[in-house]
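Trainee: I have just opened this one and would like to talk it through. Could you take my questions as they come?

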Amino acid sequence: MPSATLARSILLEARRGGLPWLAGASLVVALALAVFLSQVALTERVALQVALVAAVLRACAVFLIAAQAASSTLREIHDKGLELMLSLPLSRATHYLGRLAGFVVCGAGIALLFSLALLFWAAPPRVALWGVSLACEVALVAAAALFFAMTLANLVAAMTATAGLYLLARAMPAIQAITASPLADESWAGWLARQTVDAIALLLPRLDTATRTEWLLYDAPSILGYASALAGLLIYALLLAAAGLADFYRRNV
Amino acid sequence: MRPAAAVPGWLWLLLGTGLAAQLGWQAALGPVRSPDDALPPPPSAQALRLAAFGESEGGARLGMLYLQPFSLRDLDYTRLQGWLGALLELDPRSQYPLFAAARIYAEHPDPARSRAMLEFVYRQFLLDPNRRWPWLAHGALLAKHRLKDLPLARRYAAAIDRHTTASDVPLWARQMEIFILEDMNELDAARVMLGGLLASGRIQDPAEARFLRERLEELEVHLRGKTR
């Protein structure tokens, strides 16, 4: 199956490029930070460790997969490898989706590794929920990085756009809460700002509902809430894949 | 790789000078923050949530680690309450801010500051009594033994009795008001409350029920002695 072969080549490239070592280094840094900070905590040491390790590992997983997807795709474009691949009797969808599948599997591997580390502190069912959510979130980021790398064809621009999308999505609920504050400006400019923020929020994924640290610390999510969070991530990943594919089909190579 | 000798001498010198200048510069600047620095105005919980990019649980605990090193000596307690309130709003289930409020900041030798922090604990307790009662119970003990303010201690103890509903709240916490009333020499009120507690059937443990019955009898004997 050509897509599977492409995905396998992406995994091979990630392994040879040192992605497993970087994931391991992220794990060590997160654990060291948690141990250090818990030494100065007066109470809730375990909660502090879980909260920090989960937050740091989530950020590391997202950054690693975004960097891997963007750099690998752009290297392929700049080395004319993509043109060579397109000369093969394969559809563009096979190329694009095979590549994306490779990054998604990479992300799932990182999510699995990071989840195993959290088993030191949290119950396995909760860690499993967190890990599956992280794998879906990382799949979304891989789709975003691939989309931006293909369309912008520049590493700095692709990484900046991916990071911007991700951070804006993470911050959007807080931005909306700030604009909806009772003390907010009541003028038409204030109203316009609120509507603009709400409109932008419609175009972003709900990352605040996914991979929540509170699942590890307090209560597991409700089935409906969890399913809704994952569905939101997958819908957005699908949207990004479709957008990237549409752009790829239009491109003259 | 070419050998290190391939690097010109002047470049090694430049590297060494650069490193020494960096270390010297940083050492001359001193620590970024001193414990005597003034606590900055508290941000809102929304601003903290924005800064934490939605990682409320980690952000709230890091916020507490940020507050801890400030020296208690000249700490602005109004600002401190703002910070603690914002961090609690960020993660309402974290016990860290109330732990610090009750066990560190309320134990300040200045009674005015201690009272201000106890009131903060009381206000926060009312928002989630079943989870936050331990810190108000500690506040009641501080009011009784350190501030020697029995009416204040009774107010906190009464709040615990009236507002907690969870079954895991121990009876000693709910009975605090009775013993404070005894200390206040309000024996009649203590007797009524103790009798009511025994009659309510809330006490399941036989040893505890026996202890409270003996206490009630002692109170009644004491009251009879007073009326004679």
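Trainee: In which segment of chain A is A:Arg251 found?

Mentor: Look just past helix H10 (223-250) of chain A: A:Arg251 sits in the segment after that helix. Keep in mind that this is a predicted model.

Trainee: Why does A:Arg251 count as partly exposed?

Mentor: Count the neighbours. A:Arg251 has 13 C-beta neighbours inside 10 Å. A residue needs 20 or more to be buried and 12 or fewer to be exposed, so 13 puts A:Arg251 in between, as partly exposed.

Trainee: And how far is A:Arg251 from A:Leu233, in sequence and in space?

Mentor: The two are 18 residues apart in sequence, and their C-alpha atoms are 27 Å apart in space.

Trainee: Let's move to helix H3 of chain A. How do you know that its reach is close to what is expected?

Mentor: Helix H3 (residues 45-78) of chain A has 34 residues, and at 1.5 Å a residue the expected span is 50 Å. From first C-alpha to last, H3(A) reaches 48 Å, which is close to that.

Trainee: What makes H3(A) largely enclosed by the rest of the structure?

Mentor: Burial again: 24 of its 34 residues are buried, so H3(A) is largely enclosed. After H3(A) comes A:Lys80, with a positive phi near 65°.

Trainee: Now chain B. How many helices and strands are there?

Mentor: Chain B has twelve helices and zero strands.

Trainee: Then why is chain B called more spread out than a compact globule?

Mentor: Set two values side by side. For 228 residues the globule rule gives 17 Å, while the radius of gyration of chain B is 27 Å, well over that, so chain B is more spread out than a compact globule. The C-alpha trace of chain B spans about 105 × 35 × 30 Å along its principal axes. As for burial, 35% of the 228 residues of chain B count as buried.

Trainee: How many residues does each chain bring to the contact?

Mentor: Chain B brings 17 residues and chain A brings 24. On chain B's side, the elements giving two or more residues are helix H2 (45-51), helix H3 (56-67) and helix H5 (96-103). H3(B) supplies the largest share of that side, four residues.

Trainee: What is the make-up of that side of chain B by class?

Mentor: Six residues on the side of chain B that touches chain A are nonpolar, six are polar and five are charged.

How values were computed:
Residues numbered from 1 in each chain as written. Chains lettered and ligands numbered in written order. Predicted model: local features only at pLDDT ≥ 70, side-chain atom pairs only at ≥ 80, totals over all residues. Contact = placed C-beta atoms within 7 Å. Nonpolar A, V, L, I, M, F, W, Y, C, P; charged D, E, K, R; others polar. Rg over C-alpha atoms; globule rule 2.2 N^0.38 Å. Expected span 1.5 Å × (residues − 1).
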